[in-house]
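I opened a new structure today and wanted to get my bearings. These are my notes, in the order I looked things up.

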Amino acid sequence: MQNKESVRLTLPGGFGPECLQEEWDVDIHPQESQTLAFWDTFEWGLWFGGHILYSSGGAYHLCAREGGWLGAALCEERAGTRRRFWRDFETGAMRARLERMLGLRGLAPVAEGTFRLRRCDVRNSVGKIVCRLEWSSVSAGKRRDEDLLHSCRVLPLFGYEAETARVVEHLVRRGARTSGDGPVETLLRHVGRVPRKYTLRPVFGLEMDTPAREALGRIVCAILEIAERNVPGIVNDLDTEFLHDYRICLRKARSVLSLVKDVYPAEDTRRMRKILGDLARQTNRLRDLDVYLLARDEYMGLLPPVLRPALEGMFRDFSTEREREVRRTVSKMRAASTRRLLREVAEYFSPETHHEPSPAAGLPVGALVFRRIYKRYLKIRGIAAGIGAETPDEAVHRLRIECKRLRYLMEFFAELFPKEEGAEMLRLLRRLQNRLGEFNDALVQQRSLMNYWEQKRSGSKIALGVGGLVAVLYRRQQQARGLIDEALEGFCGGSTAAAFKHTFKQPVSN
């Protein structure tokens with residue numbers, strides 16, 4: 001019976017199982033060869049979720065990841081066509097495991113390699129198998145190119161652990177190592193696809209006394225770099241999250257320039273904000289359609305079964321329009337004018353670019369931003385004090401916008417204030433934002449559905465479906481409105497107000 005505790009070794013080139021024949025009898029089985037195509041998302045959701053997905057021989061295989069090695073097989077699925085999203089898989093086991101790690105992200109090929117394997121049985125002097133070996137190598141692509149890595153997995157058998165340890169020691173004396181990158185990691189590095197964490201909240205390396213212009217330059221450059229990384233995914237329409245993140249980056253970069261004023265010359269700031277706004281507006285309709293289509297199953301679930309078929313035509317219209325809008329958006333993003341504008345903004349905020357003086361350019365960013373954060377918090381408290389059951393929707397919307405601006409400010413400069421206090425304040429702010437967002441989403445969706453109906457006027461069945469959905473969304477809006485008060489109390493209440501004052505209120509010295 002095989003012991004579960006195996007030992008993985010990386011081997012020097014030209015090193016084979018024949019070296020063990022000095023002390024053991026080694027049965028070497030015929031070599032097996034297989035080409036594996038590895039898949040993951042832009043965010044490396046599988047890799048950082050501790051899994052590896054590969055396809056070979058018309059099937060997808062999901063394995064545990066053990067460092068850079070293929071670990072235990074978890075599930076597989078035969079597939080004649082490419083699987084892109086978790087919902088495209090048919091087996092319950094594969095769908096359940098992938099949904100959590102992929103979310104809305106689509107799978108894309110990240111590497112392809114040929115793996116060669118020789119299985120060996122190692123016998124002692126009386127002919128008993130003491131351990132088994134999996135002697136392997138990997139090369140990039142389908143052809144037999146130069147091997148990137150030779151490795152060996154030693155599989156002990158119960159009762160022969162001591163003998164197996166001798167085998168491992170023998171291999172180590174001959175140059176094998178128990179550390180180092182595994183074959184999958186080596187292959188990924190060779191093809192330039194090293195997994196790295198993706199975040200919309202990078203660390204900017206700021207200090208309290210960092211000059212404000214230097215700080216904002218770092219922030220905008222880092223955010224624009226993330227935006228640029230998302231462009232290929234938008235152009236190839238890999239999944240909807242590329243456009244979502246791209247728009248967030250443009251919005252964040254535009255916001256920070258208005259939230260921390262007088263750091264760059266006013267006219268230049270207005271021009272940069274206009275460019276960022278224009279770039280975002282190019283994608284407005286495509287994002288709207290993505291939101292509607294992503295909500296399709298949810299919308300259907302809100303209606304009784306008898307009304308659901310009435311909405312199928314609406315979603316077909318959205319899907320058809322989206323195909324046109326993708327082509328239009330891709331054409332815009334590929335245009336030389338768009339690339340020039342993105343480059344102009346990036347170059348403007350580059351540390352090598354010289355700018356004219358402005359009032360706040362050289363001020364320490366910490367004190368400057370802390371005053372802005374506290375002032376914006378007080379503004380939110382002022383708006384919140386006037387929120388009641390009869391408050392117009394526009395006032396609630398204004399409160400949501402102010403909360404978003406405050407959150408951006410706090411996230412941009414989070415590394416400057418105490419970690420625990422900052423995390424709690426942000427938690428309460430995000431909770432309030434979520435409630436406000438639920439209210440706003442329900443309101444916007446109602447208006448969009450009514451606008452669709454006004455344009456189409458396509459019959460009583462559609463009217464019933466749209467009307468039923470609007471009614472449900474209105475109820476959801478009212479429920480969200482009722483939860484806003486509770487979130488406001490937590491964020492604007494005495495203890496949170498005291499924390500904001502203690503952390504961010506700065507003496508006016510500039």
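What follows goes from the whole chain to the core, the pockets and a few single residues.

**Entry 1: the whole chain**

I reminded myself at the start that this is a predicted model. I counted elements next, and the protein chain has 16 helices and nine strands. For its extent, I got a C-alpha trace that spans about 90 × 65 × 50 Å along the principal axes. I also checked burial: of the 510 residues in the protein chain, 49% are buried. Then I looked at contacts between residues at least 6 apart in sequence, and 70% of these join residues at least 24 apart.

**Entry 2: the core**

Which residues touch the most other members of the largest nonpolar core? I found Tyr246, Met410, Phe413, Phe491 and Phe500, out of 83 residues in that core. Helix H5, residues 212–235, supplies the largest share of this core, with 13 residues.

I picked Tyr246 for a closer look. Leaving out residues up to four places away in sequence, Tyr246 touches Ala227, Asn230, Val231 and Ile234, and also Leu279, Thr283, Met333 and Leu342.

**Entry 3: the largest pocket**

I went for the largest pocket next, and its volume came out at about 2,000 Å³. I listed 48 lining residues, and those nearest the centre are His244, Arg251, Arg400, Lys404 and Asp441. Five helices give two or more residues each to this lining: H6 (240–259), H7 (266–281), H8 (284–294), H13 (393–412) and H14 (419–456). Which element gives the most to it? That is H6, with twelve residues. Sorting the lining by class, I got 21 charged, 15 nonpolar and twelve polar residues.

**Entry 4: the second largest pocket**

The second largest pocket holds about 660 Å³ of space. I noted 23 residues in its lining, with Tyr54, Leu70, Leu117, Arg119 and Glu134 nearest the centre. Here the elements giving two or more residues are strands: E3 (32–40), E5 (59–66), E6 (69–78), E7 (108–123), E8 (129–140) and E9 (149–156). E6 has the largest share of this lining, five residues. By class, I wrote down ten nonpolar, seven charged and six polar residues.

**Entry 5: Ser139 and His355**

I stayed with E8 for a moment, since Ser139 sits in that strand. Is Ser139 buried or exposed? Ser139 has a relative accessible area of 0%, so I put it down as buried. I looked for a partner too, and the side chain of Ser139 makes a polar contact with the side chain of Arg116, at 3.0 Å.

His355 was next on my list, and I found it in the loop between H11 and helix H12 (365–385). The relative accessible area of His355 is 11%, so it goes into the buried group as well. A polar atom of the His355 side chain lies 2.7 Å from the backbone oxygen of Tyr348. Not counting residues up to four places away in sequence, His355 touches Arg213, Tyr264, Pro265 and Tyr348.

**Entry 6: two residues on helices, and two distances**

I placed Arg343 in helix H11, residues 336–348. Its relative accessibility is 43%, so I call Arg343 partly exposed. I tried one long reach from here: Arg343 and Asp297 are 46 residues apart along the chain, and their C-alpha atoms are separated by 39 Å.

Lys379 is in helix H12, and I have it as partly exposed because its relative accessibility is 44%. Lys379 and Leu399 are 20 residues apart along the chain, with 9.3 Å between their C-alpha atoms.

**Entry 7: positive phi values**

Last, I looked up backbone angles. Trp44 is not a glycine, yet it has a positive phi of about 55°. I found Trp44 in the loop between E3 and helix H1 (45–48). Trp44 counts as buried because its relative accessibility is 6%.

Where is Asp237? I traced Asp237 to the loop between H5 and H6. Its phi is near 50°, again a positive value in a residue other than glycine. With a relative accessibility of 22%, Asp237 counts as partly exposed, because buried means under 20%.

Conventions. Residues numbered from 1 in each chain as written. Predicted model: local features only at pLDDT ≥ 70, side-chain atom pairs only at ≥ 80, totals over all residues. Heavy atoms only, no water. Core = buried A, V, L, I, M, F, W, Y, C linked by side-chain atoms within 4.5 Å. Buried < 20%, exposed > 50% of the residue type's maximum accessible area, 1.4 Å probe, protein only. Helix = DSSP H or I, 4+ residues; strand = E, 2+ residues; numbered from the N terminus. Contact = heavy atoms within 4.5 Å. 1 Å grid on protein atoms, 1.4 Å probe; cavity = no way out; pocket = protein on both sides within 12 Å on 5 of 7 lines; lining within 4 Å. Points joined across faces, edges and corners; volume = space filled by probe spheres on them. Nonpolar A, V, L, I, M, F, W, Y, C, P; charged D, E, K, R; others polar. Polar contact = N/O pair within 3.5 Å; in protein donor to acceptor, adjacent residues only side chain to side chain.
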